[in-house]
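This report describes the fold of one protein chain, moving from overall figures to individual helices, strands and residues. The sequence and structure are shown first.

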Amino acid sequence: MTFMKKLLDLLNMDNWNSRNNSLDDNDLPPSAPITHSLPEATSRLTSIVNFWRKHPQIYTNDFHIAKPEEYLLYGKTLLLNVYTKAHSLLEKFPIYFYSECHISDPLKLQSALLIDGYLEPASAHLALASYTIPELKFIAESIGCTKTGKKAELVNRVYHALDKEARDTIVLQSGLYMLSSKGRLFMDKNSDYIELHRHWEYNICLSEYNQNRSSENEQHNFYTIAYTILLKKTSRKLSMHQYYRIVFDYLNLYDIAISESKYDLAIKYCLQAFYLKTCCTHTISLHPPDRISYDSPDFSNDIFFISSDAPRLAHLEKYYTPDLVDNLYNDITLPPSFMEKDVFSCMISEMFTQIVFDFEKYNNILRKELKKYISLL
């Protein structure tokens, strides 16, 4: 009876509640999780809501249309670039001549370049170089030349064995063209446009590029021009609290700094881009604080960090100092981050040290914070 009485006493709710109320922190099991206080987390997210309410993202297209003569010069340069090596005349043209260069009739432009003397038939030597080794061996054998050796040796041997009439015949039959001296001079002056085309992802419009292309009769190289434009663009966007594509602007600045071996600048631009990723600016633009949404959004497919992010930083560890992160979190021109500073610092550390960086772990952290953010709207 004594055992049963004790058991009944233990199961008595009043006694059980009394026991629970008497527990202090020391009575908690060692494995009990320690969490951040809810008011503190809510306050941080509330400040994020207030920031975006104060700075709504109104996007404007800053990619201006250039003048027709600018597009003509740009398209002319890209077309002549095809003929820096011997090449047959184009019959079909890459789509960028229409979309990027705004050239409505590239075939007519090519004809004009021929008439104006920018192109000329390729030399016999270049025409021979366009042949395959079996073709060169056949020609060598037919004219009594030795057909052994590497391709360059075959080309030289056959070329010197042919008379002028035979060389002219090969030129005509090849149908190949190359830059004339006039064309080469033009390309020397405008080769920076080739780099602009190769880096079209920098989102630098042609008119803005031309405005920064030269100063005091001195023409700058592409990277100097692009760096100047991107710095102006990021500064303008930050001053207006408009963050559209600014992540890409900083990654492009990172690429330029890497190409110029300015690694101390490269890591700053890379960290700025990563910080802005944690601000989820694109997602915020889809779910601004003052837009009422009746359906709770699903962030499971939202991607902020990808596998190629970590390699950008991997070789820059010796240029990293913790104050770079402190500066980001104290910069009032930047939006507030959904990731706490210590978590961000941990992520950067793992990018330096992990063989396989778990980027999805940090994507999930941001997705959870976004769900909390949405719940406050």
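Of the 377 residues in the protein chain, 38% are buried. The coordinates come from a predicted model, in which the chain has a mean pLDDT of 85 and 87% of the residues reach 70 or more. Confidence is not even along the sequence: over residues 1–37 the pLDDT stays under 50, and for this segment the model has 4 contacts beyond four places in sequence. The secondary structure of the chain amounts to 21 helices and 5 strands. Among contacts with a separation of 6 or more, 69% are made by residues 24 or more positions apart.

**Helix H11 and its surroundings**

Helix H11 spans residues 181–190, and its buried residues are Gly183, Phe186, Met187 and Asn190. These four lie on the same side of H11, because they cover an arc of only 100° around the axis. The spacing fits a general property of helices: an α-helix has 3.6 residues a turn, so residues three or four places apart point the same way. Ser181, Asp188 and Lys189, on the other side of H11, are exposed.

Against which elements do the buried residues of H11 pack? Their partners are helix H4 (68–81), strand E3 (176–179) and helix H12 (192–198).

The contact with H4 can be followed at the level of one residue. Thr77 belongs to helix H4 and is buried, at 0% relative accessibility. Beyond its neighbours within four places in sequence, Thr77 is in contact with Phe186, Met187, Asn190, Tyr193 and Ile194. Of the residues that Thr77 contacts, Phe186, Met187 and Asn190 are also among the buried residues of H11. The side chain of Thr77 also reaches the backbone oxygen of Leu73, at 2.8 Å.

**The sheet containing strand E3**

Strand E3, one of the elements against which H11 packs, is also part of an open sheet of 3 strands. The order in this sheet is E1-E3-E2, with antiparallel pairing. Strand E1 (87–88) and strand E2 (119–121) are the edge strands, each pairing on one side only.

E1 and E3 run antiparallel and are joined by 2 bridges. Through these, His87 has Tyr177 of E3 as its bridge partner, while Ser88 has Leu176 as its partner in E3. On the E2 side, the antiparallel pairing with E3 extends over 3 bridges. Here Pro121 stands opposite Tyr177 in E3. Tyr177 therefore has a bridge partner in each of the two edge strands, His87 in E1 and Pro121 in E2.

**Positive phi angles outside glycine**

Two residues combine a positive phi with a side chain other than that of glycine: His102 and Cys280. Their angles, positions and accessibilities are set out below.

| Residue | Phi | Loop | Relative accessible area |
|---|---|---|---|
| His102 | about 60° | between helix H5 (96–99) and helix H6 (106–115) | 38%, partly exposed |
| Cys280 | about 55° | between helix H16 (263–278) and helix H17 (281–286) | 2%, buried |

Is His102 buried or partly exposed? With a relative accessible area of 38%, His102 is partly exposed, because it falls between the limits of 20% and 50%. Cys280, by contrast, counts as buried because its 2% is under the 20% limit.

**Cysteines**

Cys280 is one of several buried cysteines. Cys145 counts as buried at 16% relative accessibility, and Cys270 does so at 0%. How many disulfides does the model contain? The count comes to 0, with a disulfide taken as a pair of cysteine sulfur atoms within 2.5 Å.

**Ile246 in helix H15**

Ile246 is found in helix H15, which covers residues 246–259. Its relative accessible area is 0%, so Ile246 is buried. Leaving aside neighbours within four places in sequence, the contacts of Ile246 are with Thr234, Lys237, Leu238 and Leu276. Ile246 and Leu230 are separated by 16 residues in sequence, and their C-alpha atoms are 9.5 Å apart in space.

Key
Residues are numbered from 1 along each chain as its sequence is written. This is a predicted model: local features need pLDDT of at least 70, side-chain atom pairs count only at pLDDT 80 or more; totals for chains, interfaces and linings use all residues. Side-chain values use heavy atoms; hydrogens and water are left out. pLDDT is the predictor's confidence in each residue, from 0 to 100. Contact means heavy atoms within 4.5 Å. Buried means under 20% relative accessible area, exposed over 50%, partly exposed in between (1.4 Å probe, protein chains only). The arc is that of the directions from the helix axis to the C-beta atoms. A polar contact is a pair of N or O atoms within 3.5 Å; within protein, one must be able to donate a hydrogen and the other to accept it, and residues adjacent in sequence count only if both atoms are side-chain atoms.
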